[in-house]
Structure formats: C-alpha cells, structure tokens
Amino acid sequence: MSEKIHLPCPDLGCGSSDAYCWNEAKGVGHCKSCDLGTWVYDNELWARHGKQGKGFKLFGTDNGHSVSGTDETYFIPKDIKEPTGGTFVGMRGITSSTMEKFNVKTDGDKQHYVYPSGGVKTRYISTKDFSASNLRSDELFGMNLFPVNASRIVTITEGEVDTMSAWQMLSQGSTYTNPVVSLPSATPSGKLWEKCKGWLDSFEKIILSVDNDTAGAKVAETMFDLFPTKVYMMDHGSHKDANDFLQSGDQKAYKSAWWGAKKYTPAGFTVGVDAWKKAILEDNPYEYVPTHIEAYNLGGRGWIKGGTTILKAPPGTGKTSLFRGIQHDLVMKKGQKVAVLHMEEIDGLTGRGMATYELGLNVNTKEDQDKNGIDTDKLLGTIERIVVDENGVDRFMAFTIDPMDPIKSCLQQAKYAISAFGVDYVFIDHLQKLAYMAGTSTATEELTSLIVNLNELCVRKSVGIICISHVNEDGKAKYAKSIEEEAYVIVEMVRDKKADDFQERNTTYLSIDKNRPFAYTGDAGALMYDPVTTMVTERLGPREPVTENTNDF
C-alpha cells in the first residue's frame, strides 16, 4: 500500500500521535487533527494549515528525513544520532528514572539533552559549558512527551535540569500527567512561539517556573502578550529555580508554590531610589528613528517609539505609497524590524512594492517586471535580501487578521509580532477598514478601544505603531474622534488631485497637526510621486518640469 496511516503529525505544534497519513505515490500527506497538508517540493517537505493557510517549510528531505512515514518517528532526522554511549544517571536530586523519562544520558563528563526533532544539547558537567548538534531554536525540551490536551496545565521552566526537577516533584504521588517543558534559551526566538503556539494554546493554564531576573521577566511578558488569559507566575521565594527546591529537599514547598501561582500581569509599581535610577538609565522616552524625509525630521525628529502615529487623509492622497517608502527605509537603511497589515492588497503586491523601492524599478506586476528587464531570479533574490538580514533573521513580515473579529484580532497580531518576532514598528493600513469589517454601528467604540490598547502596547514595549486613517468631510478621523485624541503624533496629508500642473498634481504635502513627544507642529515637507517608478521621494525646492508619460496615481 502506498497510503501510510495513523502516523504522528510532523508539526510538533499539533502533537497528534496518530492523525497523520502519507500517500507515498502522490508524495502528499494530511493531518486530520490540525488540518495540516504536506507535500514535497525541491527535496523539501512543505506544509500549510487548511486550504487558505500560508505555506511553510517543515524540513529538508535530503538530510535524512524519511517523509514516507515508515516508522513512527519519521520526522526525526536520521543523520542525527542520539547518544549511544552513557546511561541514565541520577544527579542533582534528579532520579535515574526521571532521566530515562526525558531520555537524558550521562557519558563521563557529558550529559546529553535530546530535543523533539533529534537535536542534542550537551552539557559538560565539570565546566558547566554547553555545545549543540543540529539543535533547532523552535522547539521546547520535553514537548514530544506530552501530546496536545495531555492535561489542563503545562509548566514552563528555563532549563532542562529544571524541567526534569519540576516534573519529578509535581509527579511524585500524583496520578496526573503534569506536562513540564523548558525553553531552549533565556531569549527564545520568534520561530519558537510560531511553532509551539498551537501546542501551548491547547492547555487552559500556563504556569511559569522561571528565574526572578530580567530574562525571566521578559519571558513572562512575552507569554502574557501571546496568551493573556492563561499565564500564571510561580513565586520561588528564596529558591532560585526548580532544581534548587529539589536539592534542598523542599518538594512540598515547590508544589505549594505551584498551586499558588498567581495570574500574571505586567502592571506594577516603581518604588525606591534604585527602581527610579534604573528607570532613568534604562527607559528611553520617545525613542525615534529619523525618517527619510529631511523636512519632517526638522520638527518631528522621526518615527517615534512609545506611542502611535496616525497618517490621516482622504482616499487617493498617496498614503500607501508613503507607507511603502517608510517601511523600506526602516528595514533596509535603519536596521529596524517591521510588520505590516495591508488589508487592501495581497502579500505578493506588498512584496513587489518593497522590491520596487529596493531595485529602483517598477516591479509591482509581472508586466512591469518584464518591461523593466527584471528576471524572476533577481526579483526573488531581492525579496530574500529584504525580508531577512545577513544572519537569516526575519525583519520584514506581513500579517492577516480574523475577519469575524477584526479589532481584537488586529491587537492580538500586533502583540504577537512585537513579542514573538521582536519587531520595532507595526504598520496598519487602514483603521477604517477594521471598522467596516467589524460593523460600523460600533465603529467608534471599537476603534477607541483599539487605539487605547495600541498605545499601551507601544509604551510597555517601546515600539512604534503607525496607522493610516481616512477622514470625513470635516477632515476629522472617520468614525472615531478619539483616534486623534489618543494618538501621540498626527500627520496630515494633502494633495490636489485635480491640479492642472502635472508636478503639483503628484505632490503630497505633509504637516504635523499633533506632536505630544516633541511639541512642534506645522510644515513637514512634501513628497513627489513618480508614476513611472511608482515611488515617492522628497520634493526639495524647484525642480525641472516632469514629463507626463503615464497615468498618475
């Protein structure tokens, strides 16, 4: 038979052990649990969730993976050999049976921690140094031992030893499964949250057993943004971590602290001289990145972090073109990470728009690309250079929202982009589209709530959120005056689309109407749209006449 059934899902975020099937003849697979579809392309296994999901690469088949599913652990790379030497040795209060549960072997001075897809982290006992072999950054240690819905509660620690210690203490005398996992590092990557979000979200409560330090606080805040109703924080008291409890013989105290975990909230007090000095030295109020518009920088200084910026204008004023120029400048020239929500264009157009700015040639459509002599390889190479940096780290991304609950979904996606991927700026195009999707009867209330929550997010995370807002006949933000009241910076855009002069017809004038951080209001420069390249650049003083050789925007 070419059909293999009852296989484990290759996406560890699902966790199903028997819902996946693989058709060997067709080279495709499907998981009935998470609706994951898979296929082989260019010697790599690709996948997507549902028919509308975005495709993503699971792994390469040329490194020893067996996509045919001939054994139950087919998604473990066969060229990664689990340590064959060593035995399950109890140490630091952890029993040999617990070591066996988590497949942790000790071989002389080496202790090997095997992660779900076969990568190995090795700890050198005498020096406490670490090395890694084929270790991925998007998996939780121990995650493969506990399937989705294995329990109501999952516990997360910051290290493998703490994971085994916590599991041993919680499981002693208990009939419950007690899933416990650990992060691969104190500063997990965005890919980790993307891969594990579904698995973590299957639990009702997420209890954090992490160190009381800066790294632990950052993990807690990230988890709060991703799972705001599920995150609970343990108070370790005088103990540093779970293993400290175990080695001190305080198993009962750990269980009590676990049961007494409090719902996490980032709110708190700044009290005392040390706390205020720390705030002065570490907080950077209204940090900003200079724009690519010199006249704007004279008064507005740049695109601020720590608050929202609203670009407001009637339709057809060039807001999206300006957005594209801002995004390209931030990513390619200012070293910033950017996430965008463009609700009125598909991802392909967003990508082509960014490539247009990078190439200096119009490649917004296939026809434009061919006309300007840009072959597909060059276009794709340009896109690759834009979306990831020289280290392969994602720096430009687009996100979508749930059309059934657009306001809430927009806030959640913004939080996810900031917390999981560490973006510096989020762009939303445009606010009124959210109101249309939500139903205009509640638009004022919905948009007010959104802008207030976006500002809170900006302040807490020191990021910038830049939104487009359409205006009504009076020139005010459509549907919600509160948008202007709550915004930190408001930039008005004006363009005479009916001007007789071609150059004037394609010029957009900027003015800063509100500037909470830096006070300046007034002229902020002018932008000239080039209908040939479809790019906008700053208009500086008189220019030579522009030949009208195509339709303007």
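**Hairpins around S8**

I started with the hairpin of S8 and S9 in this predicted model. Five residues lie between the two strands, and Gly118 takes a positive phi near 105 degrees. I counted five bridges from S8 to strand S9 (residues 120-124), and the two strands run antiparallel. I looked up Tyr113 and found its bridge partner in S9 to be Lys121.

I then turned to the other neighbour of S8. Strand S7 (residues 105-107) runs antiparallel to S8 and is joined to it by three bridges. The bridge partner of Lys105 in S8 is His112. S7 and S8 also form a hairpin, with two residues between them. Gly108, in that turn, has a positive phi of about 65 degrees.

How many of the five residues of strand S8 are buried? I find four, which leaves S8 (residues 110-114) mostly covered. Tyr113 appears again in the ring pairs: Phe102, Tyr113, Tyr115, Phe141 and Trp167 are linked into a cluster.

**Aromatic pairs**

I get 14 aromatic pairs for the structure. For Tyr296 and Trp303 the ring centres are 4.9 Å apart and the planes stand at 35 degrees, so I enter the pair as tilted. Both Tyr296 and Trp303 are buried.

Next I took Phe323 and Phe427. Their ring centres are 4.9 Å apart and their planes are at 85 degrees, so this pair is edge-to-face; the cut-off for that class is over 60. The pair links distant parts of the chain, with Phe323 in helix H9 (residues 319-332) and Phe427 in strand S21 (residues 425-429), 104 residues apart. Phe323 and Phe427 are both buried.

I also checked charges over rings. Lys205 lies over the face of Tyr232, at 4.3 Å from the ring centre. At Tyr488 I find the charged end of Arg516 over the ring, 4.1 Å from its centre.

**Backbone entries**

Where does the chain show a cis peptide bond? I noted one from Asp429 to His430, with omega near 0 degrees. His430 lies in the loop between S21 and helix H14 (431-438).

I listed two residues other than glycine with positive phi. Tyr286 has phi near 50 degrees. Tyr286 is in the loop between helix H7 (273-282) and strand S16 (288-289). Its relative accessible area is 27%, so Tyr286 goes down as partly exposed.

Ala519 has a phi of about 75 degrees. I place Ala519 in the loop between strand S24 (507-515) and strand S25 (522-530). Is Ala519 buried or exposed? Ala519 is exposed, because its relative accessible area of 61% is over the 50% cut-off.

**Ile401**

Ile401 sits in the loop between strand S20 (396-398) and helix H13 (406-421). With a relative accessible area of 13%, under the 20% cut-off, Ile401 counts as buried. I looked up what Ile401 touches, leaving out residues up to four places away in sequence: Leu341, Met343, Pro406, Ser409, Cys410, Gln413, Leu434 and Met437. One of these contacts, Leu434, is 33 residues from Ile401 along the chain, and the two C-alpha atoms are separated by 9.5 Å.

**Helices H2 and H6**

I checked how helix H2 (residues 160-171) meets helix H6 (residues 251-259). Their axes come within 9 Å and cross at roughly 90 degrees. That angle makes H2 roughly perpendicular to H6. From H2, the contact is made by Ala166, Met169 and Leu170. From H6, Gln251, Tyr254, Lys255 and Trp258 take part.

**The five-strand sheet**

My last entry is an open sheet of five strands, in the order S12-S11-S13-S14-S15 and with mixed pairing. Which strands stand at the edges? They are strand S12 (180-182) and strand S15 (262-263), each with a single partner strand, so one side of each has no neighbour in the sheet.

Inside the sheet I looked at strand S11 (residues 153-157) and strand S13 (residues 205-209). They run parallel and are joined by five bridges. Ile156 has Leu208 of S13 as its bridge partner. Lys205, entered above for its place over the face of Tyr232, falls within the residue range of S13.

Technical notes
Residues are numbered from 1 along each chain as its sequence is written. This is a predicted model: local features need pLDDT of at least 70, side-chain atom pairs count only at pLDDT 80 or more; totals for chains, interfaces and linings use all residues. Side-chain values use heavy atoms; hydrogens and water are left out. Rings of Phe, Tyr and Trp (its six-membered ring) pair if their centres lie within 6.5 Å; planes under 30 degrees apart count as stacked, over 60 as edge-to-face and the rest as tilted. Buried means under 20% relative accessible area, exposed over 50%, partly exposed in between (1.4 Å probe, protein chains only). A charge sits over a ring if NZ of Lys or CZ of Arg is within 6 Å of the ring centre and within 35 degrees of the ring normal. Two strands pair if DSSP finds at least two bridges between them. Contact means heavy atoms within 4.5 Å. Axes are lines fitted to C-alpha atoms, for helices over the stretch in contact, and angles run from 0 to 180 degrees between N-to-C directions. Angles under 35 degrees count as roughly parallel, over 145 as roughly antiparallel, 65 to 115 as roughly perpendicular and the rest as oblique.
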